[in-house]
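User: I would like to learn how to read burial, packing and metal contacts from a set of coordinates. Please take one feature at a time.

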Amino acid sequence: VALTATVEIHRTSSEEQTIALGERLARGLDPGAVVVLSGDLGAGKTTLAKGIAKGLGADPEEVTSPTFTLIHEYGRPPKVYHVDLYRIEDARQAARLGLEELYAGGAVVLVEWGERFPEVLPAERVEIHLERDGDQGRLIRVRKAS
Ligand SMILES: Nc1ncnc2c1ncn2[C@@H]1O[C@H](COP(=O)(O)OP(=O)(O)OP(=O)(O)O)[C@@H](O)[C@H]1O
Ligand SMILES: [Mg+2]
């Protein structure tokens, strides 16, 4: 666990703004960064992940929800992986995904619902929490080790 961290708070008021925020956040990510996206169902995790992937140069057409694929890979190097742990039931199943291999490859790895299985996350990670604030509003907190 990092001793110091910086926290940024952003607000968006549409899906488009959240995608644009993701594109901006992508510029601040180091190669190999692991980003954990947390927040309730429909908070906007996948939407923000799309923006981040887009900002890293992934083809927007390729950026879809990984709900049924668990791990979705897109883009030329630097590659982006988008992982969703929502349907993972226990630590054993989480371990079997072999996420360490993804982390080791230098790609940015976006992990939705990652907070459910901290044991498969690296200690150094960017944590993004999304909360609804009204219908279209979202409060987006970004915590980075510094
Ligand atoms: N400001 C906003 N930012 C992001 N999404 C928004 C915003 N306002 C409304 N929405 C809507 O909220 C929904 C967010 O869906 P999304 O799939 O990104 O959520 P999620 O957190 O990934 O959900 P799940 O936990 O089911 O995976 C979309 O339907 C989107 O259009
Ligand atoms: Mg999602």
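Analyst: Start with burial: a residue counts as buried under 20% relative accessible area and as exposed over 50%. This is a predicted model.

User: Which residues of α1 are buried?

Analyst: In helix α1, residues 15-27, the buried positions are Thr-18, Ile-19, Leu-21, Gly-22, Leu-25 and Ala-26. Viewed along the axis of α1, these buried residues fall within an arc of 160 degrees, so they line one face of the helix. Glu-16 and Arg-27 are exposed on the face turned away from that buried side.

User: What do the buried residues of α1 pack against?

Analyst: Their packing partners are β1 (5-12), α2 (45-55), β6 (126-132) and β7 (138-145).

User: How should I read a single position such as Ser-38 in strand β2: is Ser-38 buried or exposed?

Analyst: Compare its accessibility with the 20% cut-off. Ser-38 has 12% relative accessibility and therefore counts as buried. Next, look at its side chain: a polar contact of 2.8 Å joins Ser-38 to the side chain of His-129. Beyond neighbours within four places in sequence, Ser-38 also contacts Lys-45, Glu-115, Ile-128 and Leu-130.

User: Which residues coordinate the magnesium ion (ligand 2)?

Analyst: For a metal, list the donor atoms, then locate their residues. The magnesium ion (ligand 2) is coordinated by OG1 of Thr-46 and OE of Glu-112, at 2.1 Å. Thr-46 belongs to helix α2 and Glu-112 to strand β5, so the pair ties together parts 66 residues apart in sequence. Thr-46 counts as buried at 17% relative accessibility, and Glu-112 is buried at 3%.

How values were computed:
Residues are numbered from 1 along each chain as its sequence is written. Chains are lettered from A and ligands numbered from 1 in the order in which they are written. This is a predicted model: local features need pLDDT of at least 70, side-chain atom pairs count only at pLDDT 80 or more; totals for chains, interfaces and linings use all residues. Side-chain values use heavy atoms; hydrogens and water are left out. Buried means under 20% relative accessible area, exposed over 50%, partly exposed in between (1.4 Å probe, protein chains only). Helices (H or I, at least four residues) and strands (E, at least two) are DSSP runs, numbered from the N terminus. The arc is that of the directions from the helix axis to the C-beta atoms. Contact means heavy atoms within 4.5 Å. A polar contact is a pair of N or O atoms within 3.5 Å; within protein, one must be able to donate a hydrogen and the other to accept it, and residues adjacent in sequence count only if both atoms are side-chain atoms. Donors are N, O and S atoms within 2.8 Å of the metal (3.2 Å for Na, K and Ca); water is not among the atoms, so sites may look incomplete.
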